[in-house]
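Trainee: Got a minute? I'd like to go through this model with you.
Mentor: Sure, let's put it up.
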Amino acid sequence: MPQRQTMPKILTISELTHDLKEVLENIFQDVWVEGEVSNLRSPGSGHSYFSLKDAQSTLRCVLFRNAGARLKFALSDGMQVIASGRIGIYGRDGQYQLYVDTLQPKGAGALQMAFEQLKARLAQEGLFDEARKKSLPFLPGTIGVVTSPTGAVIRDILQVLERRFPRAHVVINPVRVQGEGAAEEIARAVGEFNAWGRADVIILARGGGSLEDLWSFNEEVVARAIDASKIPVVSAVGHETDYTIADFVADKRAPTPSAAAEMVMPAEAELREHIDQLVKHLWRSLIDVVPQQSQRIDDLCDEMRRALQNRFEAKRLEADGFCRELEALNPLAILRRGYSVTMRADDAKALRSTRGLVAGERLKTRFADGACISRVEEITAAE
Amino acid sequence: MGFEENLKKLEKIIDDLHSEKISLEKSIERFEEGVKLADHCLKTLDGMRKKIEVVAKTKDGKLKIKPLEEEA
């Protein structure tokens, strides 16, 4: 028997592992540890396996699917994180590892990181492209508002609308704007307006708050719903300085809910004033047209008169020409210039030469104003 | 509703009327058209009715829209 007392107890591997497991798991139930993610693997099971390391040591970690689904950001190698969980021993390998319960990026908050990651991914996909943005209707017949049915936001929106266009038609789709499931409600509300099809524009609104409060508007499901909306969406989430993913995807971002209402609805008084001005212009242009047209008629008359006158003048000149020509041809005209015609008195034949003339012959000389009879005395040749 | 289109057309008509080329007959025609458009725009504004409603969710997932109960 004493032998038996000195004999060490020999354990099986499984027994030892089991004992270690009990001790370790009892002590390290809630561990917080920081390190760099490395060797990350995410097989089809949905669980993730990775190591956390610092300069000297490495800790194996398991992130089960359920815990992983709660992560707001995507894990990647090289990321500095703070992990919490329990230490356990995986019996088969005899390896201790951290079963991760929560994980957050070191430095920037988890939400901040999730925001940046989703923003980068959606930007890459083109969801923020200007070309995808729809323009807002000029005068919306029906305005859909997705927001909390109580509180300052809806009151502000209704007040601004009342001031700008007292007879606006507003349909409120009430949703929770923060907390678990709020994002899904918001996304569904946008979808409902699209299915209903009678809203001309949708305002997505929420008052100011912390990043956590505004978180629903940073969720992908909301971004997708806005992107899929055929109705233009104006987002007005938080204060002027708050930017959410919804703001980037929306067709227009308003700094505040009141500003969204202003953006969506023109002021009725201004519209009426504008129409008034247009009608005045219209009248003025018609009034301008009449003198313009009568001026044209005057111009035409003048032109016609001028054309006729020119034509008349041309004809008259032509006629004068003819007259002058005729005049030139008239033999009397020659006589008028002082010439005379000599004929034989007997046969009144005009003499062109002295040939055949004999002294004593009777001649008749025709002048412009009469004639005389004379006798040839002497005939001489031209000198 | 074409409110904006009507306004745009009206502006175009005014431009056209200022053009030298338009005939008198045509300008009177355009003017009448413009008056009608302006009238139509004003009627659209007059025809709008104040209505504030809330979407109520029914069990079968259909939208039911009912008037907002104003807070007292």
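Mentor: Start with B:E33, which is partly exposed, at a relative accessible area of 35%. Keep in mind that this is a predicted model.
Trainee: OK. Which side chain does B:E33 meet in a salt bridge?
Mentor: That of B:R30, at 3.2 Å from N to O. Both residues sit in helix 2 of chain B, three residues apart, about one turn of the helix.
Trainee: And B:R30, buried or exposed?
Mentor: Buried, because its relative accessible area is 16% and the cut-off for buried is under 20%.
Trainee: What does B:E29 pair with?
Mentor: B:K26. The closest N and O atoms of that salt bridge are 3.3 Å apart. B:E29 is partly exposed at 46%, and B:K26 is partly exposed at 41%.
Trainee: Switching helices. What does B:D16 bridge to?
Mentor: B:K12, with the closest N and O atoms 3.0 Å apart. They are four residues apart in helix 1 of chain B, so about one helical turn separates them.
Trainee: Why do such pairs form at all?
Mentor: Side chains of opposite charge can pair when their charged atoms come close.
Trainee: How many salt bridges over all chains?
Mentor: The count is 27. In chain A, a network of them links A:R121, A:E125, A:E220 and A:R224.
Trainee: New topic. Which element of chain A has the lowest mean pLDDT?
Mentor: Helix 1, at 60. Strand 8 has the highest, 96. The chain A average is 88.

Terms used. Residues numbered from 1 in each chain as written. Chains lettered and ligands numbered in written order. Predicted model: local features only at pLDDT ≥ 70, side-chain atom pairs only at ≥ 80, totals over all residues. Heavy atoms only, no water. pLDDT = per-residue confidence, 0-100. Helix = DSSP H or I, 4+ residues; strand = E, 2+ residues; numbered from the N terminus. Salt bridge = Lys/Arg side-chain N within 4 Å of Asp/Glu carboxyl O. Buried < 20%, exposed > 50% of the residue type's maximum accessible area, 1.4 Å probe, protein only.
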